[in-house]
Amino acid sequence: MATPTVLDTKSVFEFEGVLFPTAMTSPDKLHRLKDFEVREDDLILATYLKCGTHLMMEVIHLMKVDGHVDKIKRSVEQQSPFECGVPPKFEIPYYDLVADLSSPRFYFTHLPFRLLPPQVVTKKPKIVYVTRNPKDALASLYRFMNANPLNKEPFIWDHMFEGFISGKALSGNWFDTTLEYWNRRHDENIFFVTFEEIKKDLRSVVLNLEKFLGLTVTPDGMERILEHASLEGMKKTYAKLEKELVDGRMYTRAFGLSAFIQKGVSGGWKEFFTDDQSDRMDQLMRERLSGTGLEEHYH
């Protein structure tokens, strides 16, 4: 039996240069997404895979209720990228459900900017983009995919590394996707932040988001947000949701199996990268990020 990689033709398909999992979406769903009706008061969270999606989702959810975690209205569906199907069968695209939600809507995506619905350009909804050191993003994705007990064979690190560094990885090319949003960071409707900034100084990130989103967070609310959005706070919340929500594990885990919340730290890549792989990624970062301004974050 062949060892699985992210390039297995049975598990992924390519759409406009980006690889997607066949289990969660399809070319037809992605084609129809082009006709999605965007609203001016939408809030879209965009991330590359394993770059802090669920952390930022929780931060925004908490900000909307001044840190009162029990007041957050949750559903299993909202844990799906809106370009993908809704669990457990993933047949109905989440954007079909989003279309019927009352405003203001909040949903997330792993799409590059160029694959977002075209109306994003004209309607200018607020977009929060979170990125992360590509080394840590890949290491987190590797741990995440191998945590699925349904895998008959483990994913091989070297295979995933080569796919990632060549741009043939789930969610597409990290550099292309990140730079698409980074180059729009000065647009009034784009908020660009790194996972490392969130972990280092969440208070400042929340204060900046407060202005961007037009929300009000009280001093007490800020302390609640800092508590519940910490790694331990989120683990505690997710453990509670697994027990209280119908299909709670579908909310806290991909396919109800692989936990969305992992180590939540920076530097975990050192566990997997060889010296040569680290050097190759460093060289690629220098080549792709030099002169963009983003090299100040990742070099």
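Which residues line the largest cavity? The views below, all taken from a predicted model, start there.

**View 1. The largest cavity and its lining.** Here you're looking at Phe15, Leu30, Leu33, Lys34, Leu111 and Leu115, the residues that line the largest cavity. Its volume comes out at about 30 Å³, and a search of the whole structure turns up just 1 cavity of 30 Å³ or more. Sorted by class, the lining holds 5 nonpolar residues, 1 charged residue and no polar ones.

**View 2. Phe82 and the largest nonpolar core.** This core has 59 residues, and Phe82 and Ile127 are the ones that touch the most other members. Helix α5 (residues 134–146) chips in 7 residues, the largest share of the core. Leaving aside residues up to four places away in sequence, Phe82 touches Leu33, Phe36, Tyr94, Tyr95, Val98, Tyr107, Phe108, Thr109, Leu111 and Pro117. There's also a second, separate core of 33 residues, with Met63, Phe108, Val217 and Ala229 among them.

**View 3. Strand β5 and its two partners.** Strand β5 (residues 126–131) has 5 of its 6 residues buried, so it is largely enclosed by the rest of the structure. Strand β3 (residues 43–47) pairs with β5 in the parallel sense over 5 bridges; look for Leu45, whose bridge partner in β5 is Val128. Strand β6 (residues 190–194) also runs parallel to β5, joined to it by 5 bridges.

**View 4. Ile127 up close.** Ile127 is back from View 2, where it shares with Phe82 the spot for touching the most other members of the largest nonpolar core. Its bridge partner in β6 is Ile190.

How values were computed. Residues are numbered from 1 along each chain as its sequence is written. This is a predicted model: local features need pLDDT of at least 70, side-chain atom pairs count only at pLDDT 80 or more; totals for chains, interfaces and linings use all residues. Side-chain values use heavy atoms; hydrogens and water are left out. A nonpolar core is a set of buried Ala, Val, Leu, Ile, Met, Phe, Trp, Tyr and Cys residues joined through side-chain atoms within 4.5 Å. Buried means under 20% relative accessible area, exposed over 50%, partly exposed in between (1.4 Å probe, protein chains only). Helices (H or I, at least four residues) and strands (E, at least two) are DSSP runs, numbered from the N terminus. Contact means heavy atoms within 4.5 Å. Two strands pair if DSSP finds at least two bridges between them. On a 1 Å grid over the protein atoms alone, a cavity is a set of points where a 1.4 Å probe fits but cannot get out, and a pocket is an open set with protein on both sides within 12 Å along at least five of seven lines; lining residues have an atom within 4 Å of a point. Grid points are joined across faces, edges and corners, and a volume is the space filled by probe spheres set on the points. Ala, Val, Leu, Ile, Met, Phe, Trp, Tyr, Cys and Pro count as nonpolar, Asp, Glu, Lys and Arg as charged, and the others, Gly among them, as polar.
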